[in-house]
Amino acid sequence: MGQEFIIKSQLLEDKVNQLLPSQGGFQAGVDLSASTTIIPIVDLTESAEGSALRQDLQKALSLNSVTSFSVRNTTSTLINTTGYFRVFGVYTTIGNNTCLFNLTDGTTTKKLLEYAFDTSQFTSNLYDFIVFLQAGDSLTADSNNASGALEGSTRQIADLQGNLINPL
C-alpha cells in the first residue's frame, strides 16, 4: 500500500487553480497530496476524437483521397458535397486574364479568391485554402481565357460535423 504525503507549494496550487478553474480553487484546509502508489495513465484523446492518426498525418495526400482539376477558359464545379475541404494548387497566366474561386448556393455567389492580370508577362503562384460546404453549396473555379489556368487538387479533410477523414 502506498504512502500519502501533503504538498505545501503555492506555485503548484496556483498552477492547479489556473488549469482547473472549474474546481473552484483551493479552500482553507484543503491541501495537495501525493502518493507513492503508481497509477498508470492511458491517453485515449485521439481515439475519442475519432482519429487514430496524428492530425498532421491525417491530412496526408493519397491516390484515393485527392481529386485533381484543371480549369482553363471555362467554369467548373470542383466540389458540391458537404464538409471541410482543402483546395491547393497553382494558377498560371500570361496576358489579360481573370482566374477565380467562387462559393455558391445556387442563388447567391461569393468570390473567395480572384487573380486578375493585365500584363504580357508570365505569372504563376501557389494557393492553398480550406473551405466549408453546407448542403446545397458548391465551390467553382473560373478562368476567362485560355492563357489563364487554375491547376490543383481537392481533398476532404472532415465531414459536415467536423469528424476528421483519414486518407484512403
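## Strands and the overall layout

Helices and strands are DSSP runs, of at least four residues for a helix and at least two for a strand, and they are numbered from the N terminus. In this predicted model, the protein has three helices and eight strands, and the order of these elements, read from the N terminus on, is β-α-β-α-α-β-β-β-β-β-β.

Of the 168 residues in the protein, 29% are buried. The protein exposes about 11,100 Å², and 53% of that area is supplied by carbon and sulfur atoms. Among the contacts between residues at least 6 apart in sequence, 77% join residues that are at least 24 apart.

## The largest pocket

The largest pocket has a volume of about 160 Å³, and two elements, β4 (75-79) and β8 (148-158), each give two or more residues to its lining. The largest share of that lining comes from β8, which supplies three residues.

The residues that line the largest pocket are S65, T67, L78, I79, T81, F85, T154, R155, Q156, I165, N166 and L168. When these lining residues are sorted by character, five are nonpolar, six are polar and one is charged.

## T67, a residue of the pocket lining

T67, which is one of the residues lining the largest pocket, is found in strand β3. Is T67 buried, exposed or partly exposed? Its relative accessibility is 47%, and because partly exposed covers the range between the buried limit of 20% and the exposed limit of 50%, T67 counts as partly exposed.

Leaving aside the neighbours within four places in sequence, T67 is in contact with G152, S153 and T154. T67 and G152 are 85 residues apart in sequence, yet their C-alpha atoms are 8.5 Å apart in space.

## The largest nonpolar core

In soluble globular proteins, nonpolar side chains tend to be buried together. In this protein the largest nonpolar core has 18 residues, and those with the most contacts inside this core are V87, F101, Y127 and L150. The elements that give two or more residues to the core are β3 (67-72), β4, β5 (83-104), β6 (109-133) and β7 (138-143), and the largest share, six residues, comes from β6.

Which residues does L150 touch, once its neighbours within four places in sequence are left aside? L150 is in contact with F69, S70, V71, V90, Y91, C99, L100, F101, Y115, Y127, A141 and D142. Two residues of this list, F101 and Y127, are also named, together with L150 itself, among those with the most contacts inside the core.

Technical notes. Residues are numbered from 1 along each chain as its sequence is written. This is a predicted model: local features need pLDDT of at least 70, side-chain atom pairs count only at pLDDT 80 or more; totals for chains, interfaces and linings use all residues. Side-chain values use heavy atoms; hydrogens and water are left out. On a 1 Å grid over the protein atoms alone, a cavity is a set of points where a 1.4 Å probe fits but cannot get out, and a pocket is an open set with protein on both sides within 12 Å along at least five of seven lines; lining residues have an atom within 4 Å of a point. Grid points are joined across faces, edges and corners, and a volume is the space filled by probe spheres set on the points. Ala, Val, Leu, Ile, Met, Phe, Trp, Tyr, Cys and Pro count as nonpolar, Asp, Glu, Lys and Arg as charged, and the others, Gly among them, as polar. Buried means under 20% relative accessible area, exposed over 50%, partly exposed in between (1.4 Å probe, protein chains only). Contact means heavy atoms within 4.5 Å. Accessible areas come from the Shrake-Rupley method with a 1.4 Å probe; for residues, only the protein chains shown count as cover. A nonpolar core is a set of buried Ala, Val, Leu, Ile, Met, Phe, Trp, Tyr and Cys residues joined through side-chain atoms within 4.5 Å.
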